[in-house]
Amino acid sequence: MEQIEKAQSAAALSVIEQRLFGRKDGAMTLAMKELKELDESARKKKAMELNEKKKKLIDAIENRKATLASPQDATLRKEDALDVTLRLPRKEQGHLHLIPEFYAEVEEIFGRMGFDVMESPEMETEDLNFTQLNIPEDHPARDTQDTFWMKMKGKEKKVLRTHTSPGQVRYMRSHKPPFRAIFPGKVYRKDADATHSPMFHQFEGLMIGRNVSLANMKAVMETAVRELISKDATFRWRTGFFPFTEPSLEMDVRWQGEDKTKEGDWLEIVGCGMVHPNVLRNCNIDPDEWQGFAFGFGVDRMVMIRHQIPSIRLLFPGDLRFLRQF
Ligand code: PHE
């Protein structure tokens with residue numbers, strides 16, 4: 001008993017345990033074997049004695065083990081090991097995931113600039129996802145490579161929207177210009193690598209008025225990029241093509257990937273342009289009277305650039321070791 005109480009490590013304890021209860025030559029094991037030699041009444045008495053000792057020794061060993069396992073308090077017993085008064089330090093209290101946190105800022109910034117926020121369905125008709133946006137039947141954007149099609153029993157088949165742009169059509173059909181609005185939400189495409197995920201996030205913007213110009217568009221978008229990514233973000237404008245805008249532009253932002261010694265790559269974060277007259281007409285808005293711009297920002301990529309995250313795939317498993325870094 002004294003040796004057990006003085007043992008200074010789990011290893012020392014297990015040596016003692018072996019000496020007492022080892023299968024071949026443990027002291028207790030041998031004593032138990034010797035019981036056979038005794039006559040009936042002596043055997044009973046001795047067996048009870050031994051069992052009692054055995055129990056005491058095992059308890060002592062377990063207690064000592066528990067004490068050794070919590071070195072900050074040598075008197076702490078196994079049954080006391082859960083400290084219910086433990087409080088998490090402040091910075092360990094939870095926070096929103098990076099994506100909803102980002103969306104909250106988007107709504108705040110665009111709210112300040114007078115934009116409405118509208119949600120639009122994730123399961124969309126082919127008509128609104130493509131046709132009404134001036135994307136012809138045979139346009140490559142409709143290729144089954146890119147789109148998840150939903151078979152609907154006895155109903156018109158649907159698509160998981162490939163962009164937030166159908167929100168534009170829904171909004172224009174239910175509001176009278178002038179107006180400005182954003183449409184945040186999830187979108188889906190059959191794509192997967194470091195910068196593509198089959199589900200990702202966008203927010204669409206739309207502003208229609210009598211004199212809304214490309215210069216207005218650039219001013220609004222540059223304000224958003226500076227507030228949402230960084231006030232000294234490096235970006236460039238490129239011409240682009242979208243069937244539903246004319247002219248169309250794209251914006252790339254410098255992105256420092258894993259290799260911090262290299263100058264970063266350009267990452268495309270948004271497509272935009274002046275709303276195509278055909279789209280206005282599809283929404284019963286007269287293009288001779290009204291004009292304006294639309295854009296569709298890629299949220300996940302903006303979050304990656306802002307926080308220097310090397311792969312889009314890190315954003316979705318909900319791994320706390322990743323999320324706690326922010
Ligand atoms: N919908 C386009 C995309 O997802 C982006 C875009 C939105 C382009 C609005 C122009 C205007 O790629």
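**Ligand site and strand pairing**

A polar side-chain atom of H163 lies 2.9 Å from a nitrogen atom of the ligand. This separation comes from a predicted model. The protein covers 91% of the ligand's accessible area, which is 320 Å² for the ligand on its own. S165 also approaches a nitrogen atom of the ligand: an N or O atom in the S165 side chain is 2.9 Å away. R189 faces an oxygen atom of the ligand instead. Here an N or O atom of the R189 side chain is 2.9 Å from that oxygen atom. Each of these pairs falls within 3.5 Å, the cut-off for a polar contact.

The ligand sits in the largest pocket. Three elements give two or more residues to the shell around the ligand: β6 (199-209), β9 (265-275) and β10 (291-298). Of the elements, β10 gives the most to this shell, with 3 residues. The shell counts 14 residues around the ligand. H163, S165, R189, Q202 and E204 come nearest. By class, the shell residues divide into 5 nonpolar, 7 polar and 2 charged.

Strand pairing was examined next. Strands of a sheet pair through backbone hydrogen bonds, either parallel or antiparallel. Strands β7 (residues 235-242) and β8 (residues 245-255) run antiparallel. They are joined by 7 bridges. G240 has S248 of β8 as its bridge partner. With 2 residues between them, β7 and β8 form a hairpin.

A further arrangement is an open sheet of 3 strands. Its order is β2-β4-β3, and the pairing is antiparallel. β2 (123-125) and β3 (149-150) are the edge strands, each pairing on one side only. In the order of the sheet, β4 stands between β2 and β3. The link from β2 to β4 (residues 158-160) consists of 3 bridges, and these two strands run antiparallel. Within this pair, E124 has V159 of β4 as its bridge partner.

Taken together, the predicted model places the ligand in the largest pocket, with the protein covering 91% of its accessible area. The side chains of H163, S165 and R189 each bring a polar atom to 2.9 Å from a ligand atom. Elsewhere in the description, β7 and β8 form a hairpin, and β2, β4 and β3 make up an open sheet.

Methods
Residues are numbered from 1 along each chain as its sequence is written. This is a predicted model: local features need pLDDT of at least 70, side-chain atom pairs count only at pLDDT 80 or more; totals for chains, interfaces and linings use all residues. Side-chain values use heavy atoms; hydrogens and water are left out. A residue is near a molecule or strand if one of its heavy atoms lies within 4 Å of it. A polar contact is a pair of N or O atoms within 3.5 Å; within protein, one must be able to donate a hydrogen and the other to accept it, and residues adjacent in sequence count only if both atoms are side-chain atoms. Accessible areas come from the Shrake-Rupley method with a 1.4 Å probe; for residues, only the protein chains shown count as cover. On a 1 Å grid over the protein atoms alone, a cavity is a set of points where a 1.4 Å probe fits but cannot get out, and a pocket is an open set with protein on both sides within 12 Å along at least five of seven lines; lining residues have an atom within 4 Å of a point. A molecule sits in a cavity or pocket if more than half of its atoms lie within 2 Å of its grid points. Helices (H or I, at least four residues) and strands (E, at least two) are DSSP runs, numbered from the N terminus. Ala, Val, Leu, Ile, Met, Phe, Trp, Tyr, Cys and Pro count as nonpolar, Asp, Glu, Lys and Arg as charged, and the others, Gly among them, as polar. Two strands pair if DSSP finds at least two bridges between them.
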